[in-house]
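User: Could you walk me through how to read a sheet and a cavity in a model like this one?

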Amino acid sequence: MSETSGTSPKLRAVLDGIPTYKPGKPAAAEGPVAYKLSSNENPYPPLPGVMESALAAAAGFNRYPDMACTRLMNELAERFGVPVSHLATGTGSVGVAQQLIQATAGPGDEVIYAWRSFEAYPIITQISGAASVQVPLTSGDVHDLEAMAGAITDRTRLIFVCNPNNPTGTVVRRAELERFLDRVPSDVLVVLDEAYREFIRDPEVPDGIEIYRERPNVAVLRTFSKAYGLAGLRVGFAIAHEPVAAALRKTAVPFGVSQLAQDAAVASLYAEDELLGRVGSLVCERKRVYEGLVGQGWTVPESQANFVWLRLGERTVDFAAACEQAGVVVRPFAGEGVRVTIGESEANDIFLRAAEAFRKERF
Ligand SMILES: Cc1ncc(COP(=O)(O)O)c(C=O)c1O
């Protein structure tokens with residue numbers, strides 16, 4: 001019996017068949033050393049100063065947090081040179097992404113995004129009642145912006161451009177993005193999801209915040225979860241023009257961003273040099289892993305994020321099992337490929353050895 005019929009409480013039919021978000025598998029609690037390379041997390045532990053701020057905030061958790069996230073908003077406004085009224089925070093950037101859809105799309109509307117991309121997009125779109133329009137990546141695993149522009153109809157309300165793309169790590173560059181944006185009607189919101197922005201080293205990849213300044217229908221999503229290492233505290237933000245930013249404030253869950261998260265985010269901005277130094281080390285590790293894989297004979301799209309993508313097709317699940325056996329948990333997308341987060345160098349070494357052994361055995 002369908003969950004939306006019979007005597008059970010009536011639930012919205014759009015929830016039927018919704019794909020559930022699959023979190024990256026945790027590392028095994030027992031057995032040999034196991035590293036978690038399945039959720040694109042930052043492998044470094046919290047910085048002492050950031051930890052202190054969070055712990056100090058914890059002493060007041062009998063109170064609700066500052067709902068306006070005042071200190072954080074002021075810091076972000078100054079850092080990015082934007083008015084506070086163009087900022088909105090949420091429970092991770094995925095929370096803000098959901099608010100953006102709630103603010104723009106409902107039944108009868110369409111949301112366009114590349115596929116495969118961040119797996120929350122189909123879920124949050126379906127919850128809204130809008131239809132997903134998934135535009136396949138090119139053969140090089142890059143956004144097909146021509147095809148995405150061609151997919152726009154008068155029902156399109158929002159378009160995600162995930163840059164770099166999760167899970168492939170590939171990017172769209174300035175000229176092609178500008179060309180694409182020129183083709184998007186001004187009443188369609190384009191969301192540049194830049195969750196991995198700080199890991200980009202390709203100078204041709206534009207900073208979405210520069211693009212937003214020129215284009216009222218562009219919003220930028222950023223997060224403290226990746227480069228800043230606050231994944232467990234849940235704080236992300238959008239930079240968008242009015243009335244989009246105002247709509248984000250309306251769709252926010254009241255008090256959604258805890259005081260721990262707010263204070264840790266502010267402390268992270270103060271500790272930015274050190275945190276970005278860590279990002280630099282991860283980028284070096286990314287290069288080492290990429291070159292190691294290419295040296296073993298793999299075809300790997302060049303990644304500008306904190307992970308790499310191996311298109312393994314039918315071998316995907318076996319490859320993930322072999323990695324786990326070796327001591328690293330990766331993220332398989334059955335039938336398609338495996339996403340592997342750049343982690344501690346020991347973890348990356350284990351992964352490279354597992355990939356080499358698998359290749360020798362199975363190719
Ligand atoms: C492309 C992309 N956007 C957004 C997010 C959401 O991150 P958070 O909600 O932790 O900010 C992720 C997380 O993996 C992601 O890969």
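Analyst: We will take the sheet, then a helix, then the cavity. This is a predicted model, where local features need pLDDT of at least 70, side-chain atom pairs count only at pLDDT 80 or more, and totals for chains, interfaces and linings use all residues. Residues are numbered from 1 along each chain as its sequence is written, and side-chain values use heavy atoms, leaving out hydrogens and water.

User: What is the strand order of the open sheet of 7 strands?

Analyst: Strands are DSSP runs (E, at least two residues) and helices likewise (H or I, at least four), numbered from the N terminus; two strands pair if DSSP finds at least two bridges between them. Here the order is β2-β8-β7-β6-β5-β3-β4, with mixed pairing. β2 (87–90) and β4 (131–136) are the edges; each has a single partner strand, so one side of each lacks a neighbour in the sheet. Inside the sheet, β5 (residues 156–162) and β6 (residues 189–193) run parallel, joined by 5 bridges. Val161 has Leu192 of β6 as its bridge partner.

User: Which strands does helix α8 lie across?

Analyst: Contact means heavy atoms within 4.5 Å. Angles, from 0 to 180 degrees, are taken between N-to-C directions of lines fitted to C-alpha atoms, for helices over the stretch in contact. Helix α8 (residues 244–251) lies across β2, β6 and β8 (236–239), at about 30° to β2.

User: How many cavities of 30 Å³ or more does the structure hold?

Analyst: On a 1 Å grid over the protein atoms alone, a cavity is a set of points where a 1.4 Å probe fits but cannot get out; lining residues have an atom within 4 Å of a point. There is 1 such cavity, and the largest has a volume of about 60 Å³, the space filled by probe spheres set on the points. Its lining includes Tyr44, Tyr228 and Arg278.

How values were computed. 1 Å grid on protein atoms, 1.4 Å probe; cavity = no way out; pocket = protein on both sides within 12 Å on 5 of 7 lines; lining within 4 Å.
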